[in-house]
Amino acid sequence: MVGFGFVTVGLGLFLVGLEETLFPLGRLMAQQLTDPDFVAEVSGHVKGSLQWQDFYWVYLFAASIGFATTLAEPALMAVAMKANTVSGGAIGVWGLRVAVATGVSVGVALGCFRIISGLPLQYFIGAGYLIVIVQTVMAPKMIVPIAYDSGGVTTSTVTVPLIAALGLGLAEAIPGRSPLLDGFGLVAIAALFPIISVLAYGQFSVLRGKN
């Protein structure tokens, strides 16, 4: 009971921390990165005629945030170490962690592009899962369950708050975007792309072993 009480208190403090620090930080980051004066200065274009490609700093920053937070994700560390043990060393701890982090990095950057461009979420989810289906047929059977679990372990305590805060802040900062319609969905894309990257990691490992 005492342990349960400590967990409850810790979770409560964590939620307060999210509300007081991470979500305001996400809004602040998005506002600064999408400031028209800043974007116009960096891209060299007129402030009133900015296009989605002028926000490349947002994509680079989002990719960096996705990569760094995923590498620090405790759940991913646990899965990577267990996969390494069960596979007898065939699946490397760092190899799996970097593969997952790379997938999240690409997913978060692509999700920010979706928010800025205003494209529908279903296009990205549909295309992503089509790639996953094709890869699942072609990838080594050993890596498939781990790849699917990798999408789940990325949506945990460290990664989700920062990504969600960034998405909501970005939707609030971009004119014509709705935080409700456009701000959410970034976590879904971030959870999808690790499946693709880990399946690709398994396919690459097989090809490298044949050479």
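# A guided tour of an all-helix chain

Begin with the largest nonpolar core, which has 42 residues; of these, Leu96, Val108, Cys112 and Leu199 touch the most other members. Select those four residues and display their side chains. Then colour the helices that build this core: H3 (56-71), H4 (74-86), H5 (93-117), H6 (121-138), H7 (143-153), H8 (159-173) and H10 (186-210) each supply at least two of its residues. Helix H5 gives the largest share, 10 residues. In soluble globular proteins, nonpolar side chains tend to be buried together. Please keep in mind throughout that the model on the screen is predicted.

**The whole chain**

Now return to a cartoon view of the complete chain. How many helices and how many strands does the chain have? There are 10 helices and 0 strands. Followed from the N terminus, the order of elements is therefore α-α-α-α-α-α-α-α-α-α, since the elements counted here are helices and strands. The chain has 211 residues, and buried residues make up 41% of them. If a surface is displayed, its accessible area comes to about 11,000 Å², and carbon and sulfur atoms account for 72% of that area. Consider also the contacts between residues at least 6 apart in sequence: 76% of them join residues at least 24 apart.

**Stop 1: leucine 96 and glycine 95**

Select leucine 96, one of the four core residues named at the start. Which residues does leucine 96 contact, leaving aside its neighbours within four places in sequence? They are Ala80, Ala83, Ile91, Ile146, Ser150, Val198 and Tyr201. Display these partners together with leucine 96.

Next, select glycine 95, which is in helix H5. Glycine 95 has a relative accessible area of 27%, so it is classed as partly exposed. Draw a distance from its C-alpha atom to that of tyrosine 201: the two atoms are separated by 8.1 Å, although the residues are 106 apart along the chain. Tyrosine 201 is also among the contacts of leucine 96.

**Stop 2: the loop before H5**

Move to alanine 90, in the loop between H4 and H5. Is alanine 90 buried or exposed? Its relative accessible area is 52%, and it is therefore exposed, the limit being over 50%. From alanine 90, find serine 205, which lies 115 residues away along the chain; their C-alpha atoms are separated by 9.5 Å.

**Stop 3: helix H3**

Helix H3 offers two residues to examine. Threonine 69 lies in this helix, and at 7% relative accessibility it counts as buried because the limit for burial is under 20%. Display the backbone oxygen atoms around its side chain. A polar atom of the threonine 69 side chain lies 2.7 Å from the backbone oxygen of isoleucine 65. The backbone oxygen of glycine 66 is 3.3 Å from a polar atom of that side chain.

Tryptophan 57 is found in helix H3 as well. With a relative accessible area of 40%, tryptophan 57 is partly exposed. Select it together with Tyr56 and Leu60: these three residues make a nonpolar surface patch of about 300 Å².

**Stop 4: glutamine 135 in helix H6**

Select glutamine 135, which lies in helix H6. Glutamine 135 is a polar residue to compare with the patch just visited; its relative accessibility is 10%, so it counts as buried. What joins the side chains of glutamine 135 and glutamine 203? A polar contact of 3.4 Å joins them. Beyond its neighbours within four places in sequence, glutamine 135 is in contact with Ile196, Leu199, Ala200 and Gln203. One of these partners, Leu199, was among the core residues that opened the tour.

**Stop 5: helix H8 and its surroundings**

Select proline 161 in helix H8. At 7% relative accessibility, proline 161 counts as buried. Its C-alpha atom is separated by 9.4 Å from that of valine 187, which is 26 residues away along the chain.

Finally, go to leucine 28 in helix H1, which spans residues 2-33. Leucine 28 has a relative accessibility of 42% and so counts as partly exposed. Where does alanine 165 stand relative to leucine 28? The two are 137 residues apart in sequence and 9.5 Å apart in space, from C-alpha to C-alpha.

Methods:
Residues numbered from 1 in each chain as written. Predicted model: local features only at pLDDT ≥ 70, side-chain atom pairs only at ≥ 80, totals over all residues. Heavy atoms only, no water. Helix = DSSP H or I, 4+ residues; strand = E, 2+ residues; numbered from the N terminus. Buried < 20%, exposed > 50% of the residue type's maximum accessible area, 1.4 Å probe, protein only. Contact = heavy atoms within 4.5 Å. Areas by Shrake-Rupley, 256 points an atom, 1.4 Å probe, with all protein chains shown as cover. Core = buried A, V, L, I, M, F, W, Y, C linked by side-chain atoms within 4.5 Å. Polar contact = N/O pair within 3.5 Å; in protein donor to acceptor, adjacent residues only side chain to side chain. Patch = residues over 30% accessible without salt bridge, like charges linked within 9 Å, V, L, I, M, F, W, Y side chains within 5 Å. Salt bridge = Lys/Arg side-chain N within 4 Å of Asp/Glu carboxyl O.
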